[in-house]
Amino acid sequence: MSDTKLEDIVSLAKRRGFIYPGSDVYGGLSGTWDYGPLGVALKRNIMQLWWQMFVEDADDMLGVDAAILMNQKVWQASGHVDTFTDPLVECSNCKGRFRADKIDTSKCPTCGKEGTFGEPRQFNMMFKTNIGPVDDENSVSYLRPETAQGIFTNYKNVVDSFYPDVPFGIAQQGKAFRNEISPRDFIFRSREFEQMEIEYFVHPDAWETSFELWVKRVHEWCDALGLPAESVHELEVPESDRAHYSKRTVDFEFDFPIGREELLGLAYRTDFDLMNIQNASGKNMEYRPKDGSAPFVPHVIEPSFGVERAIMAVLTAAYTMDEVNGEKREFLKLPNHLAPIKVAVCPLAKNKPELVAKAREIYAMLKKEFGAVLWVDSGNIGKNYRKMDEIGVPYTVTVDFETLEGETKDTVTVRHRDTTEQERIAITELVEKLA
Ligand SMILES: [Zn+2]
């Protein structure tokens with residue numbers, strides 16, 4: 001388990017504008033979270049990194065962005081209507097509702113009474129809604145509980161448009177919704193969340209090679225997030241715990257503050273999904289190899305990533321407590337490429353127009369280069385450094401009187417977050433040094 005306490009991360013995330021409880025001003029809405037100015041930047045950096053690594057930089061991947069609302073036949077064919085359920089129990093005394101597999105059902109965790117739970121009933125976790133003005137069974141739809149089906153239902157479209165060689169993958173990022181009985185542990189298990197999923201289509205005889213390749217790619221992803229290798233664990237899921245169609249599943253677990261829990265999953269799904277679609281839609285899902293060999297329905301390797309879990313892992317790995325000059329310091333050691341703010345620029349005094357003008361010039365230059373640059377002209381310099389540390393800004397550039405004249409003219413102080421060291425750098429070299 002990580003030494004970091006979950007409440008420290010939750011508190012910093014709220015205080016500094018990363019993540020707020022959803023609908024906070026109205027007392028909240030259980031299982032929802034809102035991203036503040038720094039949180040949305042961190043989230044986008046993570047999602048963009050994923051898209052770059054797995055789609056843009058890859059030769060065998062294509063992207064899609066399917067609608068959240070889908071024809072109800074999608075969820076009938078996939079099995080979600082019948083089996084996407086959790087066991088629900090209700091206390092006959094206080095009416096509290098719980099997931100039967102998450103509590104000791106001999107005693108109610110809310111009121112403490114014993115023997116108040118009956119047999120669990122299966123509770124479907126999809127959010128149900130109706131499409132259009134008529135509220136009947138033909139208009140039923142659902143907020144998608146996973147993004148994967150948006151990929152499978154577009155498999156034939158993509159093959160018809162692009163005719164890629166097998167193996168190839170289709171990637172998608174987007175929102176998914178699950179009506180969790182008891183959302184918990186900050187953003188780890190929420191009712192609305194974001195997924196990044198890939199369906200990788202292979203020849204049935206070649207799945208093992210592709211699976212091994214994806215194990216490697218997943219580790220590269222964890223490295224790119226700055227997660228220490230010793231905190232990432234592969235769990236070979238035993239047959240008894242796997243979905244019935246899966247021949248192999250590896251869960252990648254991470255040492256979160258709540259314990260060792262799933263960060264992402266890698267599953268071999270055979271031809272389960274495409275065959276379901278073929279049977280339910282009557283459309284042929286076979287792939288015809290360009291060399292004229294026998295057509296086949298591709299099998300699928302599915303790496304499935306949760307954005308919130310990636311964010312929580314990144315924050316856990318980055319959260320650091322140390323001591324500087326005898327004072328405790330709390331800071332985020334975020335990798336530079338994920339940090340919401342790349343550089344902060346501070347004029348040493350805000351009532352000296354010459355100094356402020358020079359600092360503005362440097363700010364504009366850095367902003368053009370790095371985008372996410374913060375202007376900070378309040379408080380004393382020591383306090384500013386602490387604030388920048390807390391939100392994970394890798395470098396703070398201070399423009400002082402020495403910038404304006406003497407031997408140090410046109411140099412600035414660059415202060416490094418992780419070491420707190422300061423160095424004098426020529427303005428002309430700044431962009432190169434901070435890149
Ligand atoms: Zn009770």
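In which sense do strands S20 and S21 pair, and over how many bridges? In this predicted model, S20 (residues 411-416) runs antiparallel to S21, and 5 bridges join the two. One position to look at is threonine 411, which stands opposite alanine 426 in S21.

Let's step back to the sheet that holds this pair. It is an open sheet of 5 strands in the order S18-S17-S19-S20-S21, with mixed pairing. S18 (373-375) and S21 (422-426) stand at the edges with a single partner strand each, so one side of each has no neighbour in the sheet. On average, neighbouring strands here are turned by 25° against each other, direction ignored. Two helices pack on this sheet. Helix H10 (residues 353-370) touches S17, S18, S19 and S20, and its direction makes about 170° with that of S17. Helix H11 (residues 381-390) touches S17, S19 and S20, at about 160° to the direction of S19.

Now for the interior. The largest nonpolar core has 92 residues, and Ile311, Ala313, Val314, Ala344, Val345 and Val393 have the most contacts inside it. Helix H9 (residues 307-318) gives the largest share, 9 residues. Because domain 1 (6-70 + 145-316) and domain 2 (341-434) both contribute residues, this core lies between them. Beyond its neighbours within four places in sequence, valine 314 is in contact with Ile46, Leu225, Gly226 and Leu338. Another core, of 5 residues, lies apart and includes Val89, Cys91, Phe98 and Cys108.

Finally, the whole chain: there are 13 helices and 21 strands, and 34% of the 435 residues count as buried. The C-alpha atoms fill a box of roughly 80 × 70 × 50 Å along the principal axes.

Notes:
Residues are numbered from 1 along each chain as its sequence is written. This is a predicted model: local features need pLDDT of at least 70, side-chain atom pairs count only at pLDDT 80 or more; totals for chains, interfaces and linings use all residues. A nonpolar core is a set of buried Ala, Val, Leu, Ile, Met, Phe, Trp, Tyr and Cys residues joined through C-beta atoms within 7 Å. A residue is buried if 20 or more other C-beta atoms lie within 10 Å of its own, exposed if 12 or fewer, and partly exposed in between; C-beta atoms are placed from the backbone. Helices (H or I, at least four residues) and strands (E, at least two) are DSSP runs, numbered from the N terminus. Domain bounds come from an automatic or database domain assignment. Two residues are in contact if their C-beta atoms, placed from the backbone, lie within 7 Å. Two strands pair if DSSP finds at least two bridges between them. Axes are lines fitted to C-alpha atoms, for helices over the stretch in contact, and angles run from 0 to 180 degrees between N-to-C directions.
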